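Me: Could you take a close look at the aromatic rings in this structure, and at the charged groups that sit over some of them? I am new to this, so please go through it step by step.

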Amino acid sequence: MKGGKAVQSIFQGNLFAVVAIVAVGLCAGQSAADWDVYVSGGLGISTAIVDTDGINQPGPVLLNGEDDDASPLIDGAFGLRIPMNEIVPREWLNDVRLPDWPVRFEFEAAGLREFELVTDQSGGTTSFFTEWTATTLFFNSWLDIPLTEIWRPVQFLGGLGRQPRVRQWLDPGSFYVGSGVGFSYLEIDGTSNTLTASDEIYGFAWNVGTGFNYALTEKVELSAGYRFVGLGEQDLDLFNGPAATGEITYTPEVHEFRVQVRVEVYEFLSPWR
C-alpha cells in the first residue's frame with residue numbers, strides 16, 4: 001500500500017534522526033536544569049489478538065473465530081520532562097511536599113504494524129482472510145520512580161543496612177508507569193472467494209504501560225517495557241459483489257513490547273522560579 005510505505009519511510013527517517021542525536025547526547029555534559037525537552041525512538045513487537053464475528057445473507061454465512069499475529073513496531077516521540085514538585089508553582093501546594101520524581105509528557109507516533117488474520121466461515125466454505133495496518137498518535141504521560149526509592153522500604157524493613165554498592169547499581173534506573181490517549185488510523189482489507197470487507201478508519205485509541213529506564217549518561221536513557229493498546233471495536237459492511245449483504249465486527253487486543261532510546265536535546269530552568 002502506498003500510504004503504508006509512506007508512513008514506514010517517515011518513521012524510519014525519525015529513527016535515523018534520533019540515532020544521530022544519541023551520538024551528540026553521549027558527548028554532552030551534565031545537566032543542571034529543572035525541566036528538559038527530549039526526543040525518543042524505539043522498536044518493538046506488536047501482537048494483535050482479534051475476535052471476529054460476522055453474518056452474511058442469504059444463507060446465512062457465519063464468520064466467527066479468534067486469531068492473532070505479530071508485527072514489528074517503530075515509534076518516535078518528543079516530550080517534556082518535569083520534576084513532580086515543579087509541575088505547578090510550589091506556592092499552590094501550600095504545605096504539601098511532593099517528590100522530585102520525573103513526570104514526562106509527550107507526543108508519540110507509532111506505526112509499521114501489519115497483521116494478517118484468518119476467520120472460519122460456516123458451511124465448509126473457504127476462510128475469510130483479513131489484513132490490518134495500524135498507525136497511532138498519542139499524547140502520553142509517564143511517571144518515572146527511581147529504583148532507589150522502591151528499594152528504600154525493602155532495605156529498611158529487611159534491616160539490610162546502607163548497602164552503598166546496591167544503591168550505586170540502582171541509582172541510574174527507574175520504574176515507569178503511565179498512559180495516553182489519541183487517535184488511530186486503521187486500514188482493514190478482508191476477503192474470501194465471494195465476500196469482501198474493507199475500510200480506512202480514523203478513531204479514538206488509548207494505551208497504558210509500564211517498564212524500566214536506565215540512564216546511560218546524563219543525557220541518554222534506555223528504556224524497555226510493555227503496553228496495552230486499545231483500538232476499539234470495528235464494524236464493517238460485508239459485500240458480495242457490489243451489494244452490501246452483511247456485517248463483520250472485529251474486536252482487537254494489542255499487546256506491545258518496546259525498547260526505546262531517549263535523548264535530552266534542550267534544558268531550561270523552571271518557569272516558576
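**Aromatic rings and their partners**

Reply: In this predicted model, the charged end of Arg104 sits over the ring of Tyr176, at 5.7 Å from the centre of that ring. A second arrangement of this kind involves Arg262, which lies over the face of Tyr38, 5.9 Å from the ring centre.

Turning from charges to pairs of rings, a pair of aromatic rings is described by the distance of the centres and the angle of the planes. Counted with a limit of 6.5 Å between ring centres, the aromatic pairs come to eleven. One of them joins Phe78 and Phe107, whose centres are 5.8 Å apart and whose planes make an angle of 35 degrees. This pair is called tilted, because stacked planes would have to be under 30 degrees apart and edge-to-face planes over 60. The two partners come from distant parts of the chain, since Phe78 belongs to strand S2 (residues 61-83) and Phe107 to strand S3 (residues 102-121), with their positions 29 residues apart in the sequence. Phe107 has a relative accessibility of 43%, and it therefore counts as partly exposed, a class that lies between the limits of 20% for buried and 50% for exposed.

Beyond single pairs, there is also a group of rings to look at, for Trp35, Tyr266, Phe268 and Trp272 form one aromatic cluster.

Definitions and conventions: Residues numbered from 1 in each chain as written. Predicted model: local features only at pLDDT ≥ 70, side-chain atom pairs only at ≥ 80, totals over all residues. Heavy atoms only, no water. Phe/Tyr/Trp six-rings, centres within 6.5 Å; stacked < 30°, edge-to-face > 60°. Helix = DSSP H or I, 4+ residues; strand = E, 2+ residues; numbered from the N terminus. Buried < 20%, exposed > 50% of the residue type's maximum accessible area, 1.4 Å probe, protein only. Lys NZ or Arg CZ within 6 Å of the ring centre and 35° of its normal.
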